[in-house]
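Trainee: I'm new to this one and would like a close look at a single part. Could you walk me through the largest cavity and what surrounds it?

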Amino acid sequence: MQLNFHPDNASSAELISVSVVVYRPDRQLLERTLSTLDVALDRLRITDHVVSAPLYLVNNGRNERMDWSELVGEARLMTTVIEGQGNVGYGRGHNLAIEHTSSRYHLILNPDIELGGDALSHALTFMEAHPEVGLLSPLILEEDGDQQFLCRRYPTVFDLFARGFLPSRLRAPFKSRLARYEMRDVIDDKNVVWDPPIVSGCFMLFRTEVLKKLGGFDPRYFLYFEDYDLSLRTHKIARVAYVPSVRVLHHGGGAARKGSTHIRLFVTSAVKFFNRFGWKWI
C-alpha cells in the first residue's frame, strides 16, 4: 500500500520515529520486532520515497552494554542507542527517547511485538484522515491467532485482582464482569472504537505534539500502569481510537506469571494509579 502524504515541507525522516525500551531482552523476540518494523516501514512510502525512521533503542540493563549492529543494520532504521542510565523503568526509558523526537508521529513499541506488514500504512492513513486523533491503538493478537482484549474501561481493585491473580477456575463466576472491563462488548476485529478509556502500552502510536504536550509517561511509575495513566491523560487533549485494520502480534504475559518481583511492582504501581485517579473497589 502506497501513501501519498503531503506534509508541510517535512522530509520522510520526520514522519515517524520509534522507541523501544529493553531490559535483558529476548534476542530472538527483539529481532522479530525490528525485522517486522523494517518491513512495515518498507511498505510505508511518501510519493515513492522509502521512509526512514529514527529508532531509539533504550537499554535499561545495568552496566550491560550491547552490540546492536546485527539487529539494526537496515537503512530504514536510523538507530540511536541510549544506554548507561541503568534500569530507570519503562516509562522513564521511553521519555529519554521522546525528548529527542521531532517527528510528526511517534510509536511506543514493546520488544515483544511483531507488526503486520501494513500496520504502519493503515495506522498513518487513519491518523492523517482524523486529525483529532492523538493516540491510536491496534488490534492485538496472540501467538495462536486469538485476539487480546487490551483496551480497558476504568478498573476496580477487584477487577485487577480477579483478572491478574485468580486461577481460571476461580475467575469463571466473574466472566461477564471481566469481559465488560476488557470492553469485549464493543471491541472486535472489524470496527473502529472511539475513545476507549485505556489502551495498552505495548503499541501506542501518538501524534508527537500530543505526546510532548503530555510530557510523555509519568516517571513515578517504574513498571505497570504507566500506560493506564498516559491513556487517561490523553483524553483531556485529544481523541483516542482503536483501529483493527492495524494488526500486531504480542508475545507478552501477565505480571502474576513473572514472579514475586513483578507482583510487587504491579501492586505498587496500582496504588499510585488509584491515588491519582480515584479508588474504585468493587
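Mentor: Start with β8, since that strand gives the most to the lining of the largest cavity, with 4 residues. Keep in mind as you look around that this is a predicted model. Strand β8 covers residues 133-141, and together with β9 (147-148) it belongs to the elements that each supply at least two residues of that lining.

Now go through the lining by name. You'll find Ser-137, Pro-138, Leu-139 and Ile-140, then Gln-147, Gln-148, Phe-149, Leu-150 and Cys-151, and finally Ile-187 and Tyr-242. Sort those residues by type and you get 8 nonpolar, 3 polar and no charged. As for the space inside, the largest cavity holds about 50 Å³. Searching the whole structure for cavities of 30 Å³ or more turns up 1.

Stay with β8 for a moment and follow it to its neighbor. Strands β8 and β11 run antiparallel, with 2 bridges joining them. To see the contact on screen, pick Leu-135, whose bridge partner in β11 is Phe-206.

That brings you to β11 itself, residues 203-207, where 5 of the 5 residues are buried. Turn the strand around and you'll see cover on both faces: Phe-203, Leu-205 and Arg-207 are buried on one side, and Met-204 and Phe-206 are buried on the other. So the Phe-206 you just found as the partner of Leu-135 sits on the face with Met-204.

Strand β11 also pairs with β6, which spans residues 105-109; these two are antiparallel as well, and 5 bridges hold the pairing. Here the residue to pick is Leu-107, which has Leu-205 as its bridge partner in β11.

For contrast, have a look at an open space too, the second largest pocket, with a volume of about 160 Å³. Helices take part in this lining: α4 (157-165) and α9 (260-277) each supply at least two residues, and α9 gives the most, with 5. Among the lining residues are Val-157, Leu-160, Phe-161 and Phe-165, along with Phe-266, Val-267, Ala-270, Val-271 and Phe-274, plus Trp-279 and Trp-281. By type, the lining of this pocket comes out as 11 nonpolar, no polar and no charged, whereas the lining of the largest cavity includes 3 polar residues.

Conventions
Residues are numbered from 1 along each chain as its sequence is written. This is a predicted model: local features need pLDDT of at least 70, side-chain atom pairs count only at pLDDT 80 or more; totals for chains, interfaces and linings use all residues. Side-chain values use heavy atoms; hydrogens and water are left out. On a 1 Å grid over the protein atoms alone, a cavity is a set of points where a 1.4 Å probe fits but cannot get out, and a pocket is an open set with protein on both sides within 12 Å along at least five of seven lines; lining residues have an atom within 4 Å of a point. Grid points are joined across faces, edges and corners, and a volume is the space filled by probe spheres set on the points. Ala, Val, Leu, Ile, Met, Phe, Trp, Tyr, Cys and Pro count as nonpolar, Asp, Glu, Lys and Arg as charged, and the others, Gly among them, as polar. Buried means under 20% relative accessible area, exposed over 50%, partly exposed in between (1.4 Å probe, protein chains only). Two strands pair if DSSP finds at least two bridges between them.
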